[in-house]
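Q: Please take a close look at one part of this structure, the small sheet, and then place it among the cores, the surface and the charged pairs for someone who is new to it.

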Amino acid sequence: MGARLLAELGADVIVVEPPEGSAHRRRPPFVGGEADPDFSLRWWSGNAGKRSVTVDVDIDGPVRLRRLISTADIVISGAGTVSVGPLSYDKCALDHPGLIWVAVTPFGLDSVRAGQPVTDLTMLAGGGPVWNCGYDDHSLPPIRGAGEQSANLAGLNCAIGALVALAHRDQTGTGQLVEVNVNAACNVSSEQTTYHWLVNNETCVRQTGRHAYFTPSQPTQVLCADGAYASTGVLPRKPPEYANLLAWLDDLELRDEIPEAVFLEMAASRDVPVDIAMIGADDETTAILTAARDAITLIASRMPAKQYFLESQRRGFPAGAVLSPEEAFDDEHTAARGFRVPVSHPELDATVDYPGVPYIFTASPAVPPSRPPLLGEHNELLDQLPDRS
């Protein structure tokens, strides 16, 4: 995943596979439902924009790989050969002092846990994100986010580490070995959970659709008229916002259904914003914010989630419809921003829409990725390498 990010930024990325192909090529789901090493969607997602060569390490692998590494700016690997053997970082860097080598491992190269087996679940559970994810009802188990998020977190840190080392090399001419610890990458993504334990000895607890914290916060997700959910964000604070909320209730003829609307009127007539930190400590503040929550929940219950989101945005209230991945990908805003990128697959005689990059550079726009490489598709590269033995 880290190399996929670098490919999106314009790097020429070559993935090295054994003759039978990367294990990721054998992971479902497959295009058309039939297992084929070139049609794994998991392979596609991580390898668009790359080229592929195959190397048999039992024949001439070390020699060919050494020659390939000698032409590279950056090498990304697991623990494998980075520490020992003819392809170790130290040996390769002797002849290639500008080499940047990024080693992505579960616990770090020298960790006492380095040899332990891991899965995405154990990485996310041990690192902390699973503790954060779930519902207010703690009789329910926590939740692991789908999509192998530990690999995504590691890949993001891999790309960041490579780019920082590249910036350092631009200044000094010297490469370096960069270690990415997947457990640590997961841990620093778990917001304030570790911080509060270390600093305050407080245990943050998971909350439905909200940040884990050691004190409960108000619910923000509401059920809409179409059975979908929306997230209402933070409550109004400024008097004009309360006036807008009252106007929305009036437009929908719902004010009479909120007995506590008088508190919204009080907030709208104030000279100062409502201090949300005083909820539970000040009766008037608590009544105002409770009425605001009831009003927003009532409004959302009377319209579809997407309509509620659009109308909230139009009226100046932060909100978002909770969409499935396919709904988000097909959303007109996503399409208008150019996030959907058509990629040609000649071997299928088809064009497939891929997710694009989440950033836009005016001076160096991203180029559409090539389709993921077929197994050994670019093996001729190995025959074109300079002989530096």
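A: In this predicted model, three strands make up an open sheet in the order β8-β9-β10, and their pairing is antiparallel. The edges are taken by β8 (221-223) and β10 (320-321), and because each of these has a single partner strand, one side of each is left without a neighbour in the sheet. Strand β9, which covers residues 229-231, is joined to β10 by two bridges, with the two strands running antiparallel. Within this part of the sheet, S231 stands opposite G320 in β10. As a general point, the strands of a sheet pair through backbone hydrogen bonds, in either a parallel or an antiparallel way.

From the sheet we can turn to the nonpolar interior. The largest nonpolar core has 29 residues, and those that touch the most other members are Y242, L245, L249, L264, I299 and Y308. Two or more residues of this core come from each of the helices α10 (239-251), α11 (261-268), α12 (283-301) and α13 (305-315), and the largest share, nine residues, is given by α12. L264 offers a view of how this core is put together: once its neighbours within four places in sequence are set aside, L264 is in contact with Y242, L245, L246, L249, I288, A291, A292 and A295. A second core, separate from this one, has 19 residues, among them V55, I69, A72 and L381. In soluble globular proteins, nonpolar side chains tend to be buried together.

Some nonpolar side chains lie on the surface instead. Y195, W197, L198 and V199 form a nonpolar patch there, and together they have about 490 Å² of accessible area. One of these residues, W197, belongs to helix α9, which spans residues 193-200, and W197 counts as partly exposed because its relative accessible area is 47%, a value that falls between the 20% and 50% limits used for buried and exposed residues.

The charged side chains add a further set of links, for a search of the whole structure finds 24 salt bridges. In one of them the side chains of R27 and E148 meet, with 2.5 Å from N to O, and this pair links distant parts of the chain that are 121 residues apart, since R27 lies in the loop between β1 (13-17) and α2 (41-47) while E148 lies in the loop between α6 (129-132) and α7 (149-172). R27 is partly exposed, with a relative accessibility of 24%, and E148 is likewise partly exposed, at 26%.

Another salt bridge is formed by D95 and R66, whose closest N and O atoms are 3.0 Å apart. This pair also links distant parts of the chain, 29 residues apart, with D95 in helix α4 (residues 89-95) and R66 in helix α3 (residues 61-69). D95 counts as exposed because its relative accessibility is 63%, whereas R66, at 28%, is partly exposed.

A further pair is R371 and E377, whose side chains meet in a salt bridge of 2.8 Å from N to O. Here R371 counts as buried because its relative accessibility is 14%, while E377 is partly exposed, with a relative accessible area of 31%. Finally, D251, E311, R314 and R315 are joined into one network by salt bridges that share partners.

Notes. Residues are numbered from 1 along each chain as its sequence is written. This is a predicted model: local features need pLDDT of at least 70, side-chain atom pairs count only at pLDDT 80 or more; totals for chains, interfaces and linings use all residues. Side-chain values use heavy atoms; hydrogens and water are left out. Patches are made of residues with over 30% relative accessible area and no salt bridge: like charges are joined within 9 Å, nonpolar side chains (Val, Leu, Ile, Met, Phe, Trp, Tyr) within 5 Å. Accessible areas come from the Shrake-Rupley method with a 1.4 Å probe; for residues, only the protein chains shown count as cover. A salt bridge is a side-chain nitrogen of Lys or Arg within 4 Å of a carboxyl oxygen of Asp or Glu. Helices (H or I, at least four residues) and strands (E, at least two) are DSSP runs, numbered from the N terminus. Buried means under 20% relative accessible area, exposed over 50%, partly exposed in between (1.4 Å probe, protein chains only). A nonpolar core is a set of buried Ala, Val, Leu, Ile, Met, Phe, Trp, Tyr and Cys residues joined through side-chain atoms within 4.5 Å. Contact means heavy atoms within 4.5 Å. Two strands pair if DSSP finds at least two bridges between them.
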